[in-house]
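This report describes a two-chain model for a reader who wishes to relate its overall form to local backbone detail. The sequence and structure are shown first, and the description follows.

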Number of protein chains: 2
Amino acid sequence: MNKEYKNIKVIGFDADDTLWVNETYYREAEDEFTKLLSAYETPNKTNQELFKKEMEDLHLYGYGVKSFVLSMIETAIEVSNNSISSKAIQDIINIGKKMINKPVEMLEGAEEVLKSLFPKYRLIMATKGDLLDQERKLKKSVLAKYFHHIEVLSDKKEANYLQMLNHLDIDPSEFLMIGNSLKSDVLPLINIKARAIHVPYHTTWKHEQVNDEETNGKIYKTIANLTEVLNLLE
Amino acid sequence: MNKEYKNIKVIGFDADDTLWVNETYYREAEDEFTKLLSAYETPNKTNQELFKKEMEDLHLYGYGVKSFVLSMIETAIEVSNNSISSKAIQDIINIGKKMINKPVEMLEGAEEVLKSLFPKYRLIMATKGDLLDQERKLKKSVLAKYFHHIEVLSDKKEANYLQMLNHLDIDPSEFLMIGNSLKSDVLPLINIKARAIHVPYHTTWKHEQVNDEETNGKIYKTIANLTEVLNLLE
């Protein structure tokens, strides 16, 4: 085992795009959405307007598919100058329902890694987003049995992690977080003196992107593939 | 103290319509919604269709304002035979945003009861609904300081309560739940051998209503006012 992880007793896993596919489904939904609005705007412009609307709505709606659908509907009304048909609004609602009903597609190595670490560490899942969405995905994934605890957070900032660790009686120095988002799964952990391993996913939502300044001087490992975690921890 | 509560160590409080006003805001929203559709249908019919849609969508969307807004939009499209304007859709979205931005109006006695019980019991808040909605209301309410733990559940069935009690290491015989919904805050608790006190609110969502058969033979107390809890427990 890599000696920098010798104090670790609890490992937190992000789920979306760390254990299972998520962002890909949002990209596909955006493609369908921009097509619906192609009579009014270019896909690029529509996507820009949608992102603006999502950021505007974030403090009200939080993360998840329902929030995404509500932001799409408002964007459609604005981009079309109030001329979008109710048929198209129904299509947008159906895009959301289709997302909710997607099967859960596990990422390579997810179950293998959890199974190997399970006897040696306390494993927790720490996701943000919609409570019901995440419970549903966990149930479909059959990964639930590896976790001592599931925490759905309304956001993944330092305060959210501190509250979770405090509530679970975990010292930050004993906690390692693994996830695909530098902004949500890595940087806040380093700032509260926990550890973090970054496993990039091929596509990252713009809201989760960080610039070099934010990562400068922060100590974390980046691995190409989830299974590399086992080399570091075993 | 009433001797039937002598084993109680942990008290769970429902929040919506037990500690603060909630259902009233949904009724007001439904009034605005049915007015928007008054060119197409009577308020009574529109409300019936909305309730049907909410029940249809419940397994997909869960509880909370965002789910309610999505169900209103679909109902509007159907009731209007696809002729609802995008202006009216925007109005529906605005009804939801207004609900989210409502101040939290505490029910009589809520803080007094929590303050009195706080030194003698472990108090937890157990609500269902949207994670961010509930966190936001708790923050606005300044009641957070009385609770050892906040649990937002995706539903309030027996299995959800058992999982929560197990996770918090609470024996059902030591747990008392207090809330306004027979269906969500009382009956499931009795079925898992915990205790429950019912504090009715003046209006109950149809989905939370139960019939006499379901309450027959179930042992729980009903009180008219939250502060009566203190007579029973002190």
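The radius of gyration is taken here over C-alpha atoms, and the globule rule used for comparison is 2.2 Å times the number of residues to the power 0.38. For the 234 residues of chain A, that rule gives a compact globule a radius near 17 Å, and the 19 Å of chain A agrees with this. The C-alpha trace of chain A spans about 60 × 40 × 30 Å along its principal axes.

The model is predicted: local features need pLDDT of at least 70, side-chain atom pairs count only at pLDDT 80 or more, and totals for chains, interfaces and linings use all residues. Residues are numbered from 1 along each chain as its sequence is written, while chains are lettered from A and ligands numbered from 1 in the order in which they are written.

**Chain A: composition and domains**

Chain A has 10 helices and 6 strands; these are DSSP runs numbered from the N terminus, with helices (H or I) of at least four residues and strands (E) of at least two. Two residues are taken to be in contact if their C-beta atoms, placed from the backbone, lie within 7 Å. Among contacts in chain A between residues at least 6 apart in sequence, 70% join residues at least 24 apart. Buried residues (20 or more other C-beta atoms within 10 Å of their own, against 12 or fewer for exposed residues and values in between for partly exposed ones, with C-beta atoms placed from the backbone) make up 38% of the 234 residues in chain A.

Chain A is divided into domain 1 (3-21 + 104-233) and domain 2 (24-100), with bounds that come from an automatic or database domain assignment. The C-alpha centres of domain 1 of chain A and domain 2 of chain A lie 29 Å apart. Their contact takes 10 residues from domain 1 of chain A and 12 residues from domain 2 of chain A. The domain 1 side of this contact in chain A has 2 nonpolar, 4 polar and 4 charged residues. In this classification Ala, Val, Leu, Ile, Met, Phe, Trp, Tyr, Cys and Pro count as nonpolar, Asp, Glu, Lys and Arg as charged, and the others, Gly among them, as polar.

**The sheets**

In chain A, an open sheet of 6 strands has the order E3-E2-E1-E4-E5-E6, with parallel pairing; two strands pair if DSSP finds at least two bridges between them. E3 and strand E6 (221-222) of chain A are the edge strands, each pairing on one side only. Strand E1 (residues 10-13) of chain A runs parallel to strand E4 (residues 175-179) of chain A, and 4 bridges join them. Within this pair, A:Phe13 stands opposite A:Ile178 in E4(A).

Chain B likewise holds 6 strands that form an open sheet in the order E3-E2-E1-E4-E5-E6, with parallel pairing. In the sheet of chain B, B:Val10 stands opposite B:Phe175 in E4(B).

**The two copies and their interface**

Chain B can be laid on chain A with an RMSD of 0.0 Å by a turn of 180 degrees and a shift of 0.0 Å along the axis, the superposition being by least squares on the C-alpha atoms of residues with pLDDT of at least 70 in both. The two copies are therefore related as by a two-fold rotation axis. The same surface serves both copies, in that 100% of the contact residues of chain B recur in chain A.

At the interface, 25 residues of chain B are in contact with 25 residues of chain A. Helix H2 (43-61), helix H3 (65-79), helix H4 (86-100) and helix H6 (131-141) of chain B each supply at least two residues of the side of chain B that touches chain A. By class, that side of chain B has 13 nonpolar, 7 polar and 5 charged residues.

In helix H6 (residues 131-141) of chain A, A:Leu131, A:Leu132, A:Asp133, A:Gln134, A:Lys137 and A:Leu138 are buried. The buried residues of H6(A) pack against elements of both chains, including helix H3 (65-79) of chain A and strand E3 (149-153) of chain B.

**Local backbone features**

Most residues other than glycine have a negative phi. The following residues have a positive phi.

| Residue | Place | Phi |
|---|---|---|
| A:Asn81 | loop between H3 and H4 of chain A | near 50 degrees |
| A:Val142 | just after H6(A) | about 55 degrees |
| A:Lys193 | loop between helix H8 (182-191) and strand E5 (195-198) of chain A | about 65 degrees |

A:Asn81 counts as exposed, with 9 C-beta neighbours inside 10 Å, and A:Lys193 is exposed, with 10 other C-beta atoms within 10 Å.
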